[in-house]
Amino acid sequence: MHATKTGIRRWETATRFYEARVVSDLFGNVVLEKIWGSRHNHRGGHQVVAVGAADCQKGLIQIEKERARRGYQEICVG
């Protein structure tokens, strides 16, 4: 998969992280890739959800609200 121009968004707490990436799969479909885990070990997971280009922004907004509700801070990914 390769990242589209939307890029990567990342949220962190003192011990956890969460990333959301809008990417294209091998067939050209737009998917939302979610990655989460601990900042101190290798435990975590990921999920790829086929959302389509029209629903990517809605998905990112929903994730942003949920992360804020759970006390995560968005950080710059450079």
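Ala 50 is exposed, with 68% relative accessible area (exposed means over 50%, buried under 20% and partly exposed in between, with a 1.4 Å probe and protein chains only). The model is a predicted one, in which local features need pLDDT of at least 70 and side-chain atom pairs count only at pLDDT 80 or more, while totals for chains, interfaces and linings use all residues. Residues are numbered from 1 along each chain as its sequence is written, and side-chain values use heavy atoms, leaving out hydrogens and water.

**Fold and dimensions**

- The protein chain has one helix and five strands, arranged along the sequence as β-β-β-β-α-β (DSSP runs numbered from the N terminus, with helices being H or I of at least four residues and strands E of at least two).
- The radius of gyration is 13 Å, which agrees with the value near 12 Å for a compact globule of 78 residues (taken over C-alpha atoms; the globule rule is 2.2 Å times the number of residues to the power 0.38).
- Along the principal axes, the C-alpha atoms occupy a box of roughly 35 × 25 × 20 Å.
- Of the contacts between residues at least 6 apart in sequence, 34% join residues at least 24 apart (a contact means heavy atoms within 4.5 Å).

**Core**

- The largest nonpolar core has 10 residues: Trp 11, Tyr 18, Ala 20, Val 22, Val 30, Leu 32, Cys 56, Leu 60, Ile 63 and Tyr 72 (a set of buried Ala, Val, Leu, Ile, Met, Phe, Trp, Tyr and Cys residues joined through side-chain atoms within 4.5 Å).
- At least two residues of this core come from each of β2 (16-24), β3 (30-38) and α1 (56-69).
- Leaving aside residues up to four places away in sequence, Tyr 18 touches Arg 9, Arg 10, Trp 11, Lys 34, Ile 35, Trp 36, Ile 63, Arg 67 and Tyr 72.
- Buried residues account for 36% of the 78 in the chain.

**Ala 50 and strand β2**

- Ala 50 belongs to strand β4 (residues 44-50).
- Beyond residues up to four places away in sequence, Ala 50 touches Val 30 and Val 31.
- Ser 24 is in strand β2 and counts as buried because its relative accessibility is 12%.
- From C-alpha to C-alpha, Ser 24 and Ala 50 are 9.6 Å apart, with their positions 26 residues apart in sequence counted as separation.
- The C-alpha atoms of Val 22 and Ala 50 are separated by 9.9 Å, and these residues are 28 apart along the chain.
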